[in-house]
Amino acid sequence: MLTTSTADIAGIAGAGIAGAVTKSPTGAAAIGLGVAAGANAGLQYVERDVHGKEQDTIAQAAGPLQPGDIGHWSVVHRIPIEANQHGDVVVTGVVGGKDFTCKEIIFSVNTTDKAGEHRSFYTASVCLDGKTWKWASAEPATARWGSLQ
């Protein structure tokens, strides 16, 4: 799994390479910091993309459900930045009208570790955007995703 230490390693490697081509320690450090910042920004972009795909998958699973129905969702990541995820989703309410429909949902995220499988539960909103159900919660208050935007 990729982590923020990936950016640190890139910065150290960048500083090492820069040290080989410049005699200025300040210049080498600046190049290393620039490489680290670029790697960190790239990592954050990929994390947002991964979370967006997870959220869209959950929204698609919740869309056709009626209140009280339980659906299942799962996502397999192409880039191993985070573990593949799966869980259940239930619609707890419908808000809006004919041209503006949203659903309140509770969903689980199942994780497996050496101790076994664990479930965590979260709430969110999804809304119909044309013919596609989309994630509508700007910032779920969860430790799992933190600030998404």
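How much area does the chain expose, and what share of it do carbon and sulfur atoms supply? The chain exposes about 9,000 Å², and carbon and sulfur atoms supply 59% of it; accessible areas come from the Shrake-Rupley method with a 1.4 Å probe, and for residues only the protein chains shown count as cover.

This is a predicted model, where local features need pLDDT of at least 70 and side-chain atom pairs count only at pLDDT 80 or more, while totals for chains, interfaces and linings use all residues. Residues are numbered from 1 along each chain as its sequence is written, and side-chain values use heavy atoms, with hydrogens and water left out.

Let's walk along the chain. It holds 2 helices and 5 strands, in the order α-α-β-β-β-β-β from the N terminus. Helices (H or I, at least four residues) and strands (E, at least two) are DSSP runs, numbered from the N terminus. Of the 149 residues, 33% are buried (under 20% relative accessible area; exposed is over 50%, partly exposed in between, with a 1.4 Å probe and protein chains only).

Now for the salt bridges (a side-chain nitrogen of Lys or Arg within 4 Å of a carboxyl oxygen of Asp or Glu). The count comes to 2:

| Pair | Closest N and O atoms |
|---|---|
| Asp56 and Lys134 | 3.2 Å |
| Arg119 and Asp88 | 2.3 Å |

Asp56 lies in helix H2 (residues 25-62) and Lys134 in strand S5 (residues 132-135), so this pair ties together parts 78 residues apart in sequence. Asp56 is partly exposed at 27% relative accessible area, and Lys134 is partly exposed at 31%.
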